[in-house]
Amino acid sequence: MFNNYDTLLIFDEDNRYYFSGFRSSFGCVILSAKKKVLITDSRYDGEARKKAVDFVVIQASASNMYQVILKQLELAKSKVVGFENDSMTVSDFNELKKNLSDYTLVPASKDLADKRVIKTEAEIEKIAIAEEVTIKAFNEVVSSLKVGMSEKDVSDMITYAMLKNGATEPAFSNIVCFGLSSACPHHVPSPDRKLNKNDIILIDIGAKVNGYCGDMTRTFCLGDPDKKLASIHKIVYEAQKFVLNNLKAGLTCKEVDSMAREYLLAHGYKDEFSHSLGHGIGINVHERPYVSQRSDEVLRENMIISVEPGVYLEGEGGIRIEDIVVIKNDGIINLTNLSKEIKI
């Protein structure tokens, strides 16, 4: 990690959590060959000392943060400092330059993203647990669905079920769609949209557990689905199955996206698949790699991505099916162990 700099200065909350195992709204991590330092304030000091193992924990405040940082850089005999160029505001960067004027500053965001994109075995286990909690919440709520419930009713039930089963929070805002709402890929659950008999239902949810995210989508019907949407469901299911059967390390994100896109195109759907096939998942629900038409990034072993083809028809409804999978050299491990049948 230190090819281009001798010390790494980390302010971003997610990156601080990744390296230290401790999350707080205020703080800084300093990594050098000599030691690992976590700077935080009096609100977090005691908890940080328990959770940030192998770190020297130092207390600071917003007013003296840079004084404390400069002292630690001096002790580490730092000369070249890597910083998070992609997540820093212009104001914060100017403050950084002003206070570290005696040091050479080198952009390090790509190095940090490269580090996080390959998941450790411990991270894979955490994501698998988050997905299990997500699936458990889904199953509990689906078994209670009744005609007349609103999308927001169901969304609230899902949030409660996730929290009850061990989530700290939803990984993202729940997507719950009934009927025509399913044509909008990121529909916000409405208190006014009620579930009718034979409505198509699209649910896209994820639980956050131990700092890591789950994510899954299922589209289904409690009664008899519209014949056209049922036909599209079969096509989307087969498109996803084709990708999952051929997915492995060594393929580019663009190649994987095109597998689903060309399958859907062959069945008459082009513009109706309006988003990328997938994304990486970990501490954030959307992170590298991005499985899109524009990405030449090569998939490597132990990356985790979503695979979520979809077809959306305005005024009729939409279908999306999403699993998250661990990339392996000879295939994948699918973490989303849940039926994809349209009738539940």
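So, let's start in the loop between helix H2, residues 45–51, and strand E4, because that is where Asp54 lies, and Asp54 is exposed, with a relative accessible area of 65%. What is the sign of phi at Asp54? Positive, at about 70°, although Asp54 is not a glycine. Keep in mind, please, that this is a predicted model, and every angle I quote today is computed from it.

There is a second residue to put beside that one. Asn302 is also not a glycine, and its phi is positive too, near 75°. You'll find Asn302 in the loop between E14 and E15. Is Asn302 buried or exposed? Buried: its relative accessible area is 12%, while Asp54, at 65%, is exposed.

While we're on backbone geometry, have a look at the peptide bond from Arg288 to Pro289. That bond is cis, with omega near 0°. Pro289 is part of a strand, namely E14, residues 287–291.

Let me step back to the whole chain for a moment. The protein chain has 344 residues, and 54% of them count as buried. Its secondary structure comes to 9 helices and 19 strands. If you lay the C-alpha trace along its principal axes, the spans are about 70 × 40 × 35 Å. And for those of you who think in contact maps: among contacts with a separation of 6 or more, 65% are between residues 24 or more positions apart.

Now, back to E4, which belongs to a sheet. In what order do the strands of that sheet run? The order is E4-E3-E2-E1-E5-E6, so to speak from one side to the other, and these 6 strands make an open sheet with mixed pairing. At the edges sit strand E4, residues 56–59, and strand E6, residues 104–107, each pairing on one side only. From one strand to the next, the twist averages 25°.

Let's zoom in on the E6 side. E5, residues 80–83, runs parallel to E6, and 4 bridges join the two. If you want a residue pair to click on, Val80 stands opposite Thr104 in E6. Then there is a helix on this sheet: H3, residues 65–75, packs there and touches E1, E2, E3, E4 and E5. The direction of H3 makes about 10° with that of E2.

From a helix on a sheet, let's go to a helix on a helix. Two packed helices are described by the angle between their axes and the distance between the axes. For H8, residues 227–246, and H9, residues 253–266, the angle is about 150° and the axes are 9 Å apart. Since angles over 145 degrees count as roughly antiparallel, H8 is roughly antiparallel to H9. The crossing of H8 past H9 is right-handed.

Who meets whom there? On the H8 side we have Ile235, Val236, Glu238, Ala239, Phe242, Val243 and Asn246, and on the H9 side Val256, Met259, Ala260, Tyr263 and Leu264. By class, the residues of this contact divide into 10 nonpolar, 1 polar and 1 charged.

Next, two strands with both faces covered. In a regular strand the side chains alternate between the two faces of the sheet. In E8, residues 175–178, Ile175 and Cys177 are buried on one side, and Val176 and Phe178 are buried on the other. E8 runs antiparallel to E9, residues 200–205, with 4 bridges between them, and Phe178 stands opposite Ile201 in E9.

E15, residues 304–307, is covered on both faces as well: Ile304 and Ser306 are buried on one side, Ile305 and Val307 on the other. E15 is joined by 4 bridges to E18, residues 323–328, and the two run antiparallel. There, Ile305 has Val325 as its bridge partner.

I'll finish with an arginine. Arg320 lies in strand E17, residues 317–320. How accessible is Arg320? At 2% relative accessibility, Arg320 counts as buried. Leaving out residues up to four places away in sequence, Arg320 touches a list of residues that includes Asp204, Arg218, His275, Glu308 and Tyr312. Ile175, which we met in E8, is among the residues Arg320 touches. One distance to close on: the C-alpha atoms of Arg320 and Ile135 are separated by 16 Å, and these residues are 185 apart along the chain.

Terms used: Residues are numbered from 1 along each chain as its sequence is written. This is a predicted model: local features need pLDDT of at least 70, side-chain atom pairs count only at pLDDT 80 or more; totals for chains, interfaces and linings use all residues. Side-chain values use heavy atoms; hydrogens and water are left out. Two strands pair if DSSP finds at least two bridges between them. Axes are lines fitted to C-alpha atoms, for helices over the stretch in contact, and angles run from 0 to 180 degrees between N-to-C directions. Contact means heavy atoms within 4.5 Å. Angles under 35 degrees count as roughly parallel, over 145 as roughly antiparallel, 65 to 115 as roughly perpendicular and the rest as oblique. A crossing is left-handed if the near helix is turned anticlockwise from the far one by less than a right angle, and right-handed if clockwise. Ala, Val, Leu, Ile, Met, Phe, Trp, Tyr, Cys and Pro count as nonpolar, Asp, Glu, Lys and Arg as charged, and the others, Gly among them, as polar. Buried means under 20% relative accessible area, exposed over 50%, partly exposed in between (1.4 Å probe, protein chains only).
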